[in-house]
Amino acid sequence: MIFWQLFYTFLIIGIFTFGGGYSMIALIQSEVVSHHGWLTAEEFTDMLAVSQMTPGPIGINTATYAGYTSVVNSGLPTGMGIAGALLASLAVIILPTILVILLSSYLLTHKDNRHIATVMRTLRLAVVGLIAAAALSLLTRESFGTPGLNLQFIVSVVLFLGVFVLSYRYRKSPILLIAASGIIGLVIYSI
């Protein structure tokens, strides 16, 4: 039963997500945490961190991790978790791939059509909204700790603001910022 639900859920996520992997995050969280309860909010936050650090598209990485964890959390063995990971990954890419193959030549030949241009502009706005929703969904206790004057919360907020300023304003390398944040966390939490 979990396999059918996984396949259907990620098939729908793949169909209705425009704008790449980051725009999928809010929908994936809604489905696997809120709607189905396959993962906890803390597991989802950890999953996002791993998915961002793992090479490859974040949407597929997240689907793979969610498929595996959902199956294992349902009580099935690890081998079945691997099947869940493969199934979720396939489901999230199969229909968008078919759709891109079928529509690409049409869109290229009609890209100057005002109706198609209007649809594309509207989709861009929706993508910005989905990415913003994904960013806001990460502002949780699992990510930052309990608000207040405690070390985890203060370090989390300072790191967040520092990385945001350094990446947005000064265009520093994300790889450098991730490595520096990891080192800072290791030093602070090992003291």
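# A walk through a nine-helix chain

The chain exposes about 12,000 Å² of surface, and carbon and sulfur atoms supply 72% of that area. Keep in mind as you look around that this is a predicted model.

**Stop 1: the whole chain.** Show everything as a cartoon and colour it from the N terminus to the C terminus. You should find nine helices and zero strands, so to speak an α-α-α-α-α-α-α-α-α run from the N terminus on. Along its principal axes, the C-alpha trace spans about 60 × 45 × 25 Å. Of the 191 residues in the chain, 27% are buried. Now think about contacts between residues at least 6 apart in sequence: 54% of them join residues at least 24 apart.

**Stop 2: the nonpolar core.** Select Phe10, Ile28, Val32 and Phe44 and show their side chains. These are the residues with the most contacts inside the largest nonpolar core, which has 23 residues. Which helices each supply at least two residues of this core? They are H1, H2, H3, H4 and helix H5, the last of these covering 78–109.

Stay on Val32 for a moment. Setting aside residues up to four places away in sequence, Val32 touches Phe10, Gly37, Trp38, Leu39, Phe44 and Ala66. Two of the names from the core list, Phe10 and Phe44, turn up again here.

**Stop 3: Thr9 in the first helix.** Select Thr9, which sits in helix H1, residues 2–15. Buried or exposed? Thr9 counts as buried because its relative accessibility is 5%, and the cut-off for buried is under 20%. Once residues up to four places away in sequence are left out, Thr9 touches Glu31, His36 and Trp38.

While you are at this end of the chain, select Trp4, Phe7 and Tyr8 as well. Ring pairs link these three into a cluster.

**Stop 4: along helix H3.** Select residues 41–53, which make up helix H3. This helix has 13 residues and reaches 19 Å from its first C-alpha to its last, close to the 18 Å expected at 1.5 Å a residue. Colour Phe44, Thr45, Met47, Leu48 and Ser51: in H3, these are buried. Turn the view until you look down the axis of H3. The buried residues fall within an arc of 160°, so they line one face of the helix. What do they pack against? Show helix H2 (21–35), helix H4 (58–73) and helix H7 (141–144), and you have the partners.

Next, pick Ala41, also in helix H3. At 28% relative accessibility, Ala41 counts as partly exposed. Leaving out neighbours within four places in sequence, Ala41 is in contact with Val33 and Glu142. Try a distance label from Ala41 to Leu138: the two are 97 residues apart along the chain, yet their C-alpha atoms are separated by 9.5 Å.

**Stop 5: Ala88 in helix H5.** Select Ala88, found in helix H5. Ala88 is buried, with a relative accessible area of 0%. Where does Gly67 lie relative to Ala88? The two are 21 residues apart in sequence and 5.2 Å apart in space, C-alpha to C-alpha. Beyond residues up to four places away in sequence, Ala88 touches Phe10, Ala63 and Gly67. Phe10 should ring a bell: it was in the core list at Stop 2.

**Stop 6: two rings in helix H8.** A search of the whole structure finds four aromatic pairs. To see one of them, select Phe160 and Phe164, a stacked pair with 6.5 Å centre to centre and 20° between the planes. Both lie in helix H8 (residues 151–168), four residues apart, about one turn of the helix. Phe160 is partly exposed, with a relative accessible area of 41%. Phe164 also counts as partly exposed, at 46% relative accessibility.

**Stop 7: an unusual backbone angle.** Finish at Arg171, in the loop between H8 and helix H9 (174–190). What is the phi of Arg171? The value is positive, about 55°, although Arg171 is not a glycine. Most residues other than glycine have a negative phi. As for accessibility, Arg171 counts as exposed, at 64%.

Definitions and conventions: Residues are numbered from 1 along each chain as its sequence is written. This is a predicted model: local features need pLDDT of at least 70, side-chain atom pairs count only at pLDDT 80 or more; totals for chains, interfaces and linings use all residues. Side-chain values use heavy atoms; hydrogens and water are left out. The expected span of a helix is 1.5 Å times one less than its number of residues. Buried means under 20% relative accessible area, exposed over 50%, partly exposed in between (1.4 Å probe, protein chains only). The arc is that of the directions from the helix axis to the C-beta atoms. Contact means heavy atoms within 4.5 Å. A nonpolar core is a set of buried Ala, Val, Leu, Ile, Met, Phe, Trp, Tyr and Cys residues joined through side-chain atoms within 4.5 Å. Accessible areas come from the Shrake-Rupley method with a 1.4 Å probe; for residues, only the protein chains shown count as cover. Rings of Phe, Tyr and Trp (its six-membered ring) pair if their centres lie within 6.5 Å; planes under 30 degrees apart count as stacked, over 60 as edge-to-face and the rest as tilted.
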